[in-house]
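Here's a walk through one model, from a single side chain out to the sheet and the charged pairs. Have the viewer open as you read.

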Amino acid sequence: MIRPPCFWSDPQARLLPRLLAPFSAFVAACAANRQKKPGWKASVPVLCCGNLTTGGTGKTTVVLDLVARLNTREIAVHALTRGYGGHIKMVTQVDPARHSARDVGDEALLLAQHCPTWIGGDRAASARAAVAAGAACLIMDDGFQNPGLHKDFSLLVVDGVVGLGNGRVLPAGPLREAPADALARASAVLLIGEDKTGFLPRYAGQLPDVLQADLQTGAAAKALVGQRCVAFAGLGRPSKFFDGLRDAGVNPVQCLAFPDHYFYKDRDMTHLASLARKADAQLVTTPKDTVRFPPAFRKQLLTVSVGLVWQNASAPEALLDKLLNQRSA
C-alpha cells in the first residue's frame, strides 16, 4: 500500500512540517480563495457530507445512512459525487445495470443501489441534472471544498481514530484546508468512533454543533462467527473493517489491506481465491470492494456492510428536519 508520511499523524513532528510550511501556506491560501466564489443555488435543499483530510473518513457510510432516512420520509433524494476512479468525467446518471466501477467509481456505484446518483466534477451541473430529473433533495458525497454548488447544510465527518492528524495543511500534513476555515463553514461536525487524538478538546473553541456516532458491522457477520475467513479491504483505513469484524466476534485467519479505491487485477483475484482455498476459508470484504469485481468473482465473496449507530438517536432526524425546514421557511 502507498502510506501517508508518518509525520502527518504526529503532532509532535517539527522538522519536516516546518520545512514544508511555505507550501502548506500556499495550499491553504488557494483553498480559502476558492471559497470566495459564490456557488449556484439549487431550488431544492443541498446537504454536503465532506471531510478535511485526504483519505477516507466514512463519508459514504454517512451518506447511505441519511439517504435511507430520506427514503423513509418518501423524499426524492439524489446523490452527487465526483465519481473518483472512474473514467467517465462528464455529468452522468449512474446505471448499475450498465456501468462498472471503472466507469463511474466504486462509491457512485454503491450509492446508485440506494438512490439516483450523479457523477461529475462540476457539482452545479450535476445538481441541475438531478433537479431536472425530479430530485427534491440533494446529498453530496464529498465536495466540501468545492464551491460550485451552494450547500444548505455541511456536515464535516471526522474519523475519531486519526482526527485531523498533525493539524497541518498539505503537504506538511493531511488537511485539504486550514482547520479554522473549514470549521467556520461547517454546519455540524460528525465524529465517528472514539476521540483517540483529542480532536474535541483541541478544537473546542472553533467547533459548530458536534454529533457522534459509532460504526457497526452488518448482520452478515453473524454467519462468520466461529468460521474460518480471509478478510480483505481497499479503503482509506482498512483496519476499520478488520477491527469491526473482530468486535462482532469474527476472527479472520488472515487480513489483507489494499489501497483505497484499488481496482483488483486478475492476479489479485487468483491470489485471493488461492488463499481462501488453502485456508479452507470464506473470502470476506466490504460493499465498496465488492462492486470493483466482475460479477463472476463476486459469487465467491461474502459482503459485510458497515453502518452507523448514532450516540443520540434523534440527532440525524433533527439534522434532516433543519435541512428541510430552512428551505421551506
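## Starting at Asn 146

Let's begin with Asn 146, which is buried because its relative accessible area is 15%, under the 20% cut-off. Keep in mind as you look around that this is a predicted model.

Asn 146 sits in the loop between β5 and β6 (153–159). Who does it touch, once neighbours within four places in sequence are left aside? The contacts of Asn 146 are then Arg 34, Gln 35, Gly 121, Arg 123 and Lys 151.

## The sheet

Strand β5 also takes us into the open sheet, which has nine strands and mixed pairing. Reading across, the order goes β3-β4-β2-β5-β1-β6-β7-β8-β13. The strands at the edges are β3 (92–93) and β13 (306–310); each has a single partner strand, so one side of each has no neighbour in the sheet.

Strands in a sheet are paired through backbone hydrogen bonds, and the pairing can be parallel or antiparallel. For β1 (residues 46–50) and β5 (residues 137–141), the sense is parallel, with four bridges. If you want a spot to zoom in on, try Cys 49, which stands opposite Asp 141 in β5.

## Salt bridges across the chain

Now for the charged side chains. How many salt bridges does the structure hold? The count is 14.

One of them joins the side chains of Arg 73 and Asp 321, at 2.8 Å from N to O. The two partners come from distant parts of the chain, 248 residues apart: Arg 73 is in the loop between α2 (59–72) and β2 (77–81), while Asp 321 is in helix α12 (residues 315–328). Arg 73 counts as partly exposed because its relative accessibility is 28%, and Asp 321 is also partly exposed, with a relative accessible area of 33%. The pair doesn't stand alone, either: Asp 65, Arg 69, Arg 73, Glu 317 and Asp 321 are linked in a network of salt bridges.

## A buried pair and a helical pair

Next, look at Glu 107 and Lys 288, whose side chains meet in a salt bridge at 3.2 Å, N to O. Here too the link is between distant parts of the chain, with Glu 107 in helix α4 (residues 106–111) and Lys 288 in helix α10 (residues 287–290), 181 residues apart. Are these side chains on buried or exposed residues? Glu 107 is buried, since its relative accessible area is 13%, and Lys 288 is buried with a relative accessible area of 13%.

Asp 243 and Arg 246 give you a salt bridge inside one helix, at 3.2 Å, N to O. They are three residues apart in helix α8 (residues 239–247), so about one helical turn separates them. Asp 243 has a relative accessibility of 37% and therefore counts as partly exposed; Arg 246, at 42%, counts as partly exposed as well.

## A nonpolar patch

Last stop: the surface. Leu 15, Leu 16 and Leu 19 make a nonpolar patch there of about 320 Å². Leu 19 belongs to helix α1 (residues 15–34). Why does Leu 19 count as exposed? Because its relative accessibility is 53%, and exposed means over 50%.

Notes
Residues are numbered from 1 along each chain as its sequence is written. This is a predicted model: local features need pLDDT of at least 70, side-chain atom pairs count only at pLDDT 80 or more; totals for chains, interfaces and linings use all residues. Side-chain values use heavy atoms; hydrogens and water are left out. Patches are made of residues with over 30% relative accessible area and no salt bridge: like charges are joined within 9 Å, nonpolar side chains (Val, Leu, Ile, Met, Phe, Trp, Tyr) within 5 Å. Accessible areas come from the Shrake-Rupley method with a 1.4 Å probe; for residues, only the protein chains shown count as cover. A salt bridge is a side-chain nitrogen of Lys or Arg within 4 Å of a carboxyl oxygen of Asp or Glu. Helices (H or I, at least four residues) and strands (E, at least two) are DSSP runs, numbered from the N terminus. Buried means under 20% relative accessible area, exposed over 50%, partly exposed in between (1.4 Å probe, protein chains only). Two strands pair if DSSP finds at least two bridges between them. Contact means heavy atoms within 4.5 Å.
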